[in-house]
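Student: Could we go through this structure together, setting each descriptive term against its definition?

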Amino acid sequence: MRWVLAALAALAVGSLVATACSSSNDSSTTGPIKGQRITVLIPYKVPQSILDRFTAQTGVKLSFQVTAFDALHQKLVVAASAQTNIADVTEMDWSWVGQFGGSGWYTPLEKSLPAPVVADLGKTNKIFTARSHLYAACYSNDIRFPIYNGDQFTKAGISSFPTTFTGLEQTLDTLKAKHVAQYPMTVALGATEGGVTPWYLLTLSMGGQLFDKDNKPVFGAPGSVAHQALQFEIQALKQGWLNPGAITLDDAAAADRFTGGAASISLASGPGSLVTANDKTQSHIAPNAKAALMPGVNSAGPTLGLPEGLGIPSTSKHQAAALAFIKWWESTPTQRLLYKQAGFLPCSGAALSSLSASGELQGGAVVAEAVKHLTPLFPNGAPPWYPAFSAKAQGLINSAVKGDISVDAALAQLEDATKKIASR
Amino acid sequence: MVAPAVILTASLVGYPLVRGIMMSLRGGGGATGLPTHYVGLRNYRDLISDPDTKSAALHTAFYLVIAVTLEIIGGLIVAVTLQRAFRGRGLVLAILILPWALPSVVSGVLWRRILDPDSGLLNRALLSLHIINTPHVWLASDGWAIFFISLVHVWGLVPLVSLVLLAGLQSIPDNLYGASAVDGAGALQQFRYITLPLLRPALVVALTVGTLAAVSIFDEVYVLNGTALNTRSLLMQVYNTSFNQADFSHGIALAMMVAILSATLAIIFGVMLRRATR
């Protein structure tokens, strides 16, 4: 009898503790946020001095975690599938929106973010919207454009960046012939997400498309622009425009060749890399990096936008504090600092105008022009099956540039696989 | 008395195994964003006809054959060399253990530096000796890439195989060699008729360790060549399917197939070991 009473007492105490814990969680979501600690997980470093401002303003403590891009997607997928929480605010790449939003893994933001903030983010909201809900606030307006070493161009007697692919080929030959760089261009071609982006970009800038308006693949037919784009990568390796090891490089390692001075052109680069390349603490070639528009067939060609946003996992126990972080991050003063010290080109119209007006926007004219050339990879928005498509593309594109399979075979296999993936 | 062991095994092995089997029979979830649903053996059928899975299985077979062959031959040479006492034997043994002591990721990173096409030691040495004219990308072509990844794997495992075989050699009584010498047997005959038969139990253990390690090769492949198709192993394919493609149903089904393969091989070697020690 005594045992039964003891067990009942233990059960009652346990229930009280559980209730107390659960109410404390509830209050953390709705009550005052001061003193709470949130975890932010993105793939890029941010100076601590900027992050300290958030804690000073809100009283919310911050655990800022950085994980490599590909690994981050895997961690988020695993955590979300297991319905466990690993962070309160996370990266939301443009390519994950269909998958993450469609699965209900993230909290819709359209009602909780202040209307002026949503309005200021403008067109980028569409990219982060799935099933009529906004799942992330854009923070990095990552536009792909080439950057080049102005000093090395001058040494080779080249006055400007070419605007056509024919011109680009001549420029690369000149840089090589003048021994300015043994391998004058750098592009990631390894079997990673960064290794397929150049193929997407080249296809668009050569005037082609990978998907039609219904997101159906259109790259499989021999002679398509996507074929020409892949052939250009192979030609670049054969001509010695690219280093032989490019086929094993991810985008960070490829960018290092540019900042180290080993390559004169980083073709599939962007605003963040431009800032890094002109930062003396991170680059040997500072301040000689310059921005250019993607070459095209007859003049500057279309380019690719790879915007990144911040989202709140629905498993976060600190929704209010997480939202406060996003509001602070999207504020114009923070966006200005993030651009100047971390290289994130703001999505916020107000921050962009402010940087442009003060003359602090590096390559400002090029960036403004590049925005006009933006072309979506998926005309109908990123589908939920993008990660599966990308994983397949990484292997096949890498095999083609290595010469293990022909371009025709690689793209035909990729088109078949894409149709299967999309129909699952 | 056996209850704690049974409970522990059931909770640590049995539960995940049963749950894994159940998940491998379901579709949806992960990248699809759809609720999971029962699909029977469809995931397994998909995998059997999937070209990436087939090539990963073929690569794993290559890793297995190359690695186990080199490990047994290398291990045997090292063990026979170290069997006799000589000055500095202790030091050699200590050095021998080093590659085994290194985590396989660290070995992979070290070898990546050696095999780097632009600044690696191997290309630099071959270029300075005029054996090659231009830098070679060792991890690009199928043959070289699989060979070098196997070599890195062997480098880490040869010490363990050598120690297993050395222990086996030291258990063979010296008087057998003495008696055979009296009968006129040479070194080769002694090795053929005394060493090899009596070393069989140790060889089976080394073979088991080498085979199971080769079937589950992952770290070296990932560090040296990422998820590239030309070197992808079965476990890499499990990883790629589950985490890169976020297709957990097919990923778990493939993991189950690898587990069945490993278990079958372990049972075969277990029977061989039993026969060898009879």
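Tutor: Let us begin with the two chains: 28 residues of chain A are in contact with 27 residues of chain B, where contact requires the C-beta atoms of two residues, placed from the backbone, to lie within 7 Å. This is a predicted model, in which local features need pLDDT of at least 70 and side-chain atom pairs count only at pLDDT 80 or more, while totals for chains, interfaces and linings use all residues. Residues are numbered from 1 along each chain as its sequence is written, and chains are lettered from A and ligands numbered from 1 in the order in which they are written.

Student: Which elements give two or more residues to the side of chain A that touches chain B?

Tutor: They are helix H3 (69-81), helix H4 (97-102) and helix H17 (386-402) of chain A, and H17(A) gives the most, with nine residues. Helices here are DSSP runs of H or I with at least four residues, strands are runs of E with at least two, and both are numbered from the N terminus. By class, this side of chain A has 11 nonpolar, 14 polar and three charged residues; Ala, Val, Leu, Ile, Met, Phe, Trp, Tyr, Cys and Pro count as nonpolar, Asp, Glu, Lys and Arg as charged, and the others, Gly among them, as polar.

Student: Why is Leu168(A) called buried?

Tutor: A residue is buried if 20 or more other C-beta atoms lie within 10 Å of its own, exposed if 12 or fewer, and partly exposed in between, with C-beta atoms placed from the backbone. Leu168(A) has 22 within that distance, and is therefore buried. This residue lies in helix H8 (residues 165-177) of chain A and, leaving aside neighbours within four places in sequence, is in contact with Pro162(A) and Pro295(A).

Student: How do you know whether the span of helix H13 of chain A agrees with its number of residues?

Tutor: The expected span is 1.5 Å times one less than the number of residues. For the 12 residues of H13(A) (residues 319-330) that gives 16 Å, and the end C-alpha atoms are 17 Å apart, which agrees. Among the buried residues of H13(A) are Phe325(A) and Trp329(A).

Student: What makes S2 and S6 of chain A edge strands?

Tutor: Five strands of chain A form an open sheet in the order S2-S1-S3-S11-S6, with mixed pairing, and two strands pair if DSSP finds at least two bridges between them. Strand S2 (61-66) and strand S6 (137-140) each have a single partner strand, so one side of each is left without a neighbour in the sheet. S6(A) and strand S11 (residues 308-311) of chain A pair in the antiparallel sense over three bridges, and Cys138(A) stands opposite Gly309(A) in S11(A).

Student: How do you know that S8 and S9 of chain A are paired?

Tutor: Two bridges join S8(A) to strand S9 (residues 265-266) of chain A, and that meets the requirement of at least two. These strands run parallel, and Met185(A) stands opposite Ile265(A) in S9(A).

Student: Which residues have the most contacts inside the largest nonpolar core?

Tutor: They are Val97(A), Tyr135(A), Met185(A) and Phe325(A), in a core of 186 residues. A nonpolar core is a set of buried Ala, Val, Leu, Ile, Met, Phe, Trp, Tyr and Cys residues joined through C-beta atoms within 7 Å. The largest share of this core, 14 residues, comes from helix H7 (residues 142-170) of chain B.
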